[in-house]
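Ready for some practice at reading a protein fold? Work through each exercise with the structure open, then check your steps against the solution.

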Amino acid sequence: MKKDLLGNSVFQMAAEQFDRVADFLELDERVRERCKWPKRVITVSLPVTMDDGRTEVFFGHRVQHHLSRGPVKGGLRFHPNVDVGEVAALAMWMNWKCALMGLPFGGGKGGIACDPRAMSLGEQERLTRRFAQEISPFIGPEIDVMAPDVGTNAQHMAWILDTYSTREGRFVPEVITGKPLELQGSQGRNEATGYGVAFLVTQALQKLSLPIEGSSAIVQGFGNVGSHAVATMNRYGIQVRGVSDISGAVWNAQGLDTDALQKHVAHNGGVAGFPGGEAIDSEELLLQRCDVLVPAALERVITQENASKLNCRILAEAANGPTTPCADAIIEERGDIFLIPDVLCNAGGVTVSYFEWVQNLQRFSWTKQEVLSKLENKLNEAFENLLEFCHQRQCGHRLGALATGVDLVAQVKQTRGLFP
Ligand code: NAD
């Protein structure tokens, strides 16, 4: 298993990061081993009847990195490139993220190798329900609570809730988060990740003594996270000049009309062809001058090739793992970019997922204002703690964020001891 996982480039990146952090914390070798490897790696085959009558078998994975601090929490991804190594890496990052944010969860992640864009809604429903059925023995409100990620949304969560609840013979909203409001989803969950990204961007601008209003941003990815980050930054008065997605990229030096862009995407399925800006090469977009660069799409997009050419003051990692270790080293050496590392930057989603779980367990609901203000408090506390830690330990933000998370998990493992 170790060899299989390390054969995957994304897992290797997460493992290398962990090793660096463990060295920094001088973790005891025995605790270090226990922290590094996932507790459960589950793969299920998913036969699905396609619309044309064929039976197609998909593979779905769920990795539960640790259950030492509570149930695992993490998204479910639908993407053609999903494999078990990538899922395990994302689960590991979730683990440090939950600890960094002080949430009573371990990290988990799931994924199904499929292309939802090429599937009908009916095919997606049958695939999602089959996955929920196969994975049911391994999940539950006190074991593993899933949420949306790339390629999935509230509807997919509703199908999982329904499948799990039918199996249990009772309504179990607390088994899943990011679900529709009418199924006891939380106010503010849909926009939580992007909202949190934008909120942290304002905190970072203030630390750099840069004005919030009138500063400029570029965003890669216009899905759940990217679009809400764009909308919230726009409300703060941050001028969004460039946006890309899988269809292409658009640029307007005077700032994009983000409401019009949202309507264009809703109508056309992507940002390409937006009349309120000019087309630009997606790779070139990342190199344009701006105050804030927000990668909000996939992993490994800030690389050895482009890291030295970035022209931003703040790199807000909305996506998981958008910066390769080589690029990370270049950015640290440059010293002119304020990094908001992914484990903190996109933690708004899991934090409001936690709020959703708590509300469900209490059969109680909070207003959107309550949710977002509690979210701001949590993010602000984690952000200030991180800056203080980095100042005291003289380390970069990524190392500081990961070290805070890893240290807490290591302490828990040490205190609980090793059974038997
Ligand atoms: P999504 O599927 O809603 O959107 C993904 C976006 O990325 C789409 O706009 C897509 O067109 C774009 N994209 C894909 N390939 C691209 C490319 N090569 N270049 C430019 N754009 C490209 O996914 P999401 O939920 O917004 O997640 C985005 C990232 O944020 C992922 O890394 C995910 O793990 C992370 N994240 C999501 C959440 C959440 O609450 N949804 C929480 C934490 C982290």
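Two strands count as paired if DSSP finds at least two bridges between them. Keep in mind that this is a predicted model.

**Exercise 1.** Work out in what order the strands of the five-stranded sheet lie, and which of them stand at the edges.

*Solution.*
Step 1: Go from neighbour to neighbour, and you get E1-E2-E4-E3-E5, an open sheet with mixed pairing.
Step 2: Look at the two ends of that order. Strand E1 (40-49) and strand E5 (144-148) each have a single partner strand, so one side of each has no neighbour in the sheet.
Step 3: Now check the twist, which averages 25° from one strand to the next.
Step 4: Zoom in on one pair. Strand E3 (residues 72-79) and E5 run parallel and are joined by five bridges. Here lysine 73 sits opposite valine 145 in E5.
Step 5: Add the helix that packs on this sheet. Helix H4 (residues 84-100) touches E1, strand E2 (55-64), E3 and strand E4 (106-113), and its direction makes about 155° with that of E4.

**Exercise 2.** Do the same for the seven-stranded sheet: find the order of its strands, then see which helix lies across E6, E7 and strand E10.

*Solution.*
Step 1: The order reads E9-E8-E7-E6-E10-E11-E12; this sheet is open, and its pairing is mixed.
Step 2: At the edges are strand E9 (278-279) and strand E12 (338-340). Each has just a single partner strand, so one side of each is left without a neighbour in the sheet.
Step 3: Recall that strands of a sheet pair through backbone hydrogen bonds, either parallel or antiparallel. Strand E6 (residues 216-220) and strand E7 (residues 239-245) take the parallel option, over five bridges. Within E6, isoleucine 218 faces glycine 242 of E7.
Step 4: The helix is H8 (residues 224-236), which lies across E6, E7 and strand E10 (292-295) and runs at about 170° to E6.

**Exercise 3.** Describe the ligand's surroundings: how many residues surround the ligand, and which are the closest?

*Solution.*
Step 1: Count the shell. It holds 22 residues, and the closest are Arg77, Thr193, Asn224, Val225 and Asn320.
Step 2: Sort them by type, and you get nine nonpolar, nine polar and four charged.
Step 3: Ask where they come from. Helix H7 (189-207), H8 and E7 each supply at least two residues of the shell.
Step 4: Look for polar contacts to ligand oxygen atoms. A backbone N or O atom of phenylalanine 222 lies 2.9 Å from one, and asparagine 224 also has a backbone N or O atom at 2.9 Å from a ligand oxygen. With asparagine 320, an N or O atom of the side chain is 2.8 Å from an oxygen of the ligand.
Step 5: Finish with the area. Alone, the ligand exposes 830 Å², and the protein buries 82% of that.

**Exercise 4.** Track down two backbone details: where is the place of glutamate 26, and in which segment is proline 420 found?

*Solution.*
Step 1: Glutamate 26 is in the loop between helix H2 (9-25) and helix H3 (29-36). Its phi is near 50°, a positive value in a residue other than glycine.
Step 2: Proline 420 is in the segment after helix H15 (397-416). The peptide bond leading from phenylalanine 419 to proline 420 is cis, with omega near 0°.

Note on methods:
Residues numbered from 1 in each chain as written. Predicted model: local features only at pLDDT ≥ 70, side-chain atom pairs only at ≥ 80, totals over all residues. Heavy atoms only, no water. Helix = DSSP H or I, 4+ residues; strand = E, 2+ residues; numbered from the N terminus. Contact = heavy atoms within 4.5 Å. Axes fitted to C-alpha atoms, helices over the stretch in contact; angles between N-to-C directions. Near = heavy atom within 4 Å. Polar contact = N/O pair within 3.5 Å; in protein donor to acceptor, adjacent residues only side chain to side chain. Areas by Shrake-Rupley, 256 points an atom, 1.4 Å probe, with all protein chains shown as cover. Nonpolar A, V, L, I, M, F, W, Y, C, P; charged D, E, K, R; others polar.
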